[in-house]
Amino acid sequence: MSQTPELIVKDLRVSVEGKEILKGLNLEVRKGEMHALMGPNGSGKSTFANTLMGHPKYEVTSGDILFKGESVLEQETDERARAGLFMAFQYPVAIPGVSVANFLRTAMNARLSPAAGEDGKVPHRKGIPPREFRKLLLEKMALLKMDESFATRYLNDGFSGGEKKRAEILQMALLKPEIAIMDETDSGLDIDALRIVSEGVNALAGPELGIMVITHYNRILNYIKPDRVHVMVDGRIEVSGGPELALQLEARGYDWVREEVASR
Ligand code: ADP
Ligand code: MG
């Protein structure tokens with residue numbers, strides 16, 4: 001286990017459109033660990049994920065996010081991704097004409113390429129050769145038990161919710177991040193999405209990857225075996241524990257956490 005956690009979130013406060021959503025979030029994730037971030041709808045889980053990747057709508061008003069010892073707050077989303085942070089992006093629109101394979105190769109080349117210099121120019125980059133990419137793609141698809149035909153389909157064109165999740169997992173497998181945040185989202189996918197995300201996460205987990213699975217779904221232990229479980233309520237992590245905490249949530253829901261917070 002590494003000495004310093006790769007990801008450190010310190011007393012983070014975040015506002016969206018002038019309204020404070022995250023109210024002092026503290027969290028540490030190391031490579032090799034699997035965390036589950038749970039909590040009722042509207043508690044701020046997705047806000048945290050979006051803030052981590054630098055979504056412009058989310059304003060950090062105080063606190064810090066350190067990745068490998070450096071604050072990421074001044075970094076653009078692509079810089080964070082190149083450094084090794086990954087968030088499963090939501091693709092709101094289909095991209096007819098762009099295959100999954102093409103999209104992934106572009107994403108991979110972007111991750112491998114150096115950042116633009118002071119003058120704004122991107123240094124020369126070669127990118128991954130097509131043949132090498134294809135080999136890697138097929139290897140990862142086999143690992144994730146995905147059908148080869150998936151790679152030739154147009155990105156998100158007629159994809160089901162579950163297929164969008166599969167595309168994200170495949171992207172993660174290729175980009176090899178050090179810390180990955182998988183937001184399962186709460187929009188109509190629920191159990192199917194969680195199952196797909198979990199299968200991917202389990203296939204990719206290992207000493208070089210720290211993972212945080214975000215879900216409001218209580219029976220998460222049926223799918224993954226997190227080392228740490230955190231419960232977010234009203235913009236803060238109020239309780240953290242081991243897998244036993246997930247069992248407690250499964251049996252008792254979230255209300256007891258709220259009651260405990262109120263009685264402090
Ligand atoms: P969770 O993922 O835990 O369900 P969210 O982070 O999505 O919670 O939402 C927390 C709160 O922040 C909600 O009150 C939600 O309405 C608000 N919020 C989140 N993102 C936005 C946004 N882009 N615009 C406006 N309000 C937002
Ligand atoms: Mg959410």
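This briefing covers the sheet, the nonpolar core and the ligand shell of the structure above. The model is predicted. It contains an open sheet of six strands with mixed pairing, a largest nonpolar core of 63 residues, and a shell of 13 residues around ligand 1.

**Sheet**
- The strand order in the open sheet is β6-β9-β10-β3-β11-β12.
- β6 (85-87) and β12 (236-241) are the edge strands, each of them pairing on one side only.
- From one strand to the next, the twist averages 20°.
- Four bridges join β3 (residues 34-38) to β11 (residues 228-233), and this pairing is parallel.
- His-35 has Arg-228 in β11 as its bridge partner.
- Helix α7 (residues 243-252) packs on the sheet and touches β3, β11 and β12. The direction of α7 makes about 45° with that of β11.

**Nonpolar core**
- Within the largest nonpolar core, the residues with the most contacts are Ala-36, Leu-52, Ala-180, Ile-181, Met-182, Val-197 and Val-213.
- Leaving aside residues up to four places away in sequence, Ile-181 touches Ala-49, Leu-52, Phe-86, Met-87, Met-212 and Ile-214.
- As a general point, nonpolar side chains in soluble globular proteins tend to be buried together.

**Shell around ligand 1**
- Among the 13 residues around ligand 1, those that come nearest are Ile-21, Ser-43, Lys-45, Ser-46 and Thr-47.
- Helix α1 (residues 45-52) supplies three residues, the largest share of this shell.
- By class, the shell around ligand 1 consists of seven polar, four charged and two nonpolar residues.

Definitions and conventions: Residues numbered from 1 in each chain as written. Chains lettered and ligands numbered in written order. Predicted model: local features only at pLDDT ≥ 70, side-chain atom pairs only at ≥ 80, totals over all residues. Core = buried A, V, L, I, M, F, W, Y, C linked by C-beta atoms within 7 Å. Buried ≥ 20, exposed ≤ 12 C-beta atoms within 10 Å, placed from the backbone. Contact = placed C-beta atoms within 7 Å. Pairing = 2+ DSSP bridges. Helix = DSSP H or I, 4+ residues; strand = E, 2+ residues; numbered from the N terminus. Axes fitted to C-alpha atoms, helices over the stretch in contact; angles between N-to-C directions. Near = placed C-beta within 6 Å. Nonpolar A, V, L, I, M, F, W, Y, C, P; charged D, E, K, R; others polar.
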